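This report goes through one protein chain, part by part. Please keep the sequence and the structure in view while reading.

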Amino acid sequence: MTPLHDLRIAILVHDLFEQAELASPKQALEGAGAIVSIVSPKPVSVTGLHHADKGDTFKVDITLDAAKPEDFHALVLPGGVVNADALRIVPEAQAFVKAFDREQKPIAVICHGPWLLVSAGLVRGRTLTSWPTLQDDIRNAGGTWVDQEVATDRNWVSSRKPDDLPAFNRTFIELLAQQVHA
């Protein structure tokens with residue numbers, strides 16, 4: 001049996017997310033046995049980016065208005081400036097992430113993804129990393145920003161950029177496996 005056998009993981013995105021930050025965690029989580037669903041306020045499909053170039057289109061498995069946090073064991077928040085900036089102002093996205101944190105479910109966030117955590121009012125007293133330009137946002141929201149490949153703080157795993165994905169994926173899967181065996 002795989003370490004994350006049948007755990008249900010939501011990946012929450014809007015359009016124009018950093019494609020590697022969705023595709024790599026999805027592949028790693030599914031390889032460890034998890035069932036991964038792409039959740040979005042957009043119906044049907046979302047489009048990724050390869051940095052500034054248009055990427056692939058991904059099927060949305062469940063719309064945000066139909067997704068229930070209690071149906072998932074953990075949440076992944078990919079980055080990408082456009083994606084993160086659009087998602088942070090969606091009240092349903094803020095409520096979704098707040099529900100995961102309230103239940104202390106694991107949340108993995110990378111690059112610009114922490115903007116949703118900032119806008120949802122969840123960063124105060126937490127330590128995380130992100131794309132460097134978010135450090136002021138995190139500090140101004142009462143969090144501690146660190147410049148390292150991966151940071152963990154209770155139920156959160158965070159990373160800075162696509163180059164950090166191997167450590168990000170490994171650390172998040174380890175956190176999930178610890179919870180399964182606890």
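## Terms and model

Two strands count as paired if DSSP finds at least two bridges between them. Strands themselves are DSSP runs of E with at least two residues, numbered from the N terminus. In general, the strands of a sheet pair through backbone hydrogen bonds, and the pairing is either parallel or antiparallel. The structure discussed here is a predicted model.

## The annotated domain

An unreviewed UniProt entry lists residues 8-174 as "domain: DJ-1/PfpI". Over residues 8-174, 32% of the chain is helix and 29% is strand. The C-alpha atoms at the two ends of this stretch are 15 Å apart.

## The sheet of seven strands

One open sheet is built from 7 strands, and their order is 6-3-1-7-8-12-11. Its pairing is mixed. Strand 6 (62-63) and strand 11 (150-153) are the edge strands, and each of them pairs on one side only.

How many bridges join strand 11 to strand 12? There are 4 bridges, and the two strands run antiparallel. Strand 12 covers residues 156-159. One residue pair can be picked out here: Asp-153 has Trp-156 of strand 12 as its bridge partner.

## The sheet of three strands

Another open sheet has 3 strands in the order 2-4-5, again listed with mixed pairing. Here the edge strands are strand 2 (17-18) and strand 5 (53-59), each pairing on one side only. Strand 4 and strand 5 run antiparallel and are joined by 5 bridges.

Thr-47 is a useful residue to follow in this sheet. It belongs to strand 4 (residues 45-50) and stands opposite Thr-57 in strand 5. Is Thr-47 buried or exposed? Thr-47 counts as buried because its relative accessible area is 13%, and the cut-off for buried is under 20%. If its neighbours within four places in sequence are left aside, Thr-47 is in contact with Asp-15, Leu-16, Phe-17, Lys-54, Gly-55, Asp-56 and Thr-57.

## Two loop residues with positive phi

Leu-16, one of the residues in contact with Thr-47, is found in the loop between strand 1 (8-12) and strand 2. Its phi is near 60 degrees, a positive value in a residue other than glycine. Leu-16 has a relative accessibility of 28%, so it counts as partly exposed.

Val-44 also has a positive phi in a residue other than glycine, with a value near 75 degrees. Val-44 lies in the loop between strand 3 (35-40) and strand 4. Why is Val-44 called exposed? Its relative accessible area is 65%, and exposed means over 50%.

## The cavity

The count of cavities of 30 Å³ or more comes to 1. About 30 Å³ of space lies in the largest cavity. Which residues line the largest cavity? They are Leu-77, Pro-78, Asn-83, Ala-84, Leu-87, Arg-88, Gly-113 and Leu-116.

Helix 2 (residues 81-87) gives the most to this lining, with 3 residues. By residue class, the lining of the largest cavity divides into 5 nonpolar, 2 polar and 1 charged. Gly counts among the polar residues in this division.

Conventions
Residues are numbered from 1 along each chain as its sequence is written. This is a predicted model: local features need pLDDT of at least 70, side-chain atom pairs count only at pLDDT 80 or more; totals for chains, interfaces and linings use all residues. Side-chain values use heavy atoms; hydrogens and water are left out. On a 1 Å grid over the protein atoms alone, a cavity is a set of points where a 1.4 Å probe fits but cannot get out, and a pocket is an open set with protein on both sides within 12 Å along at least five of seven lines; lining residues have an atom within 4 Å of a point. Grid points are joined across faces, edges and corners, and a volume is the space filled by probe spheres set on the points. UniProt positions are given in the numbering used here, feature names are shortened, and annotations may be inferred rather than shown by experiment. Buried means under 20% relative accessible area, exposed over 50%, partly exposed in between (1.4 Å probe, protein chains only). Contact means heavy atoms within 4.5 Å.
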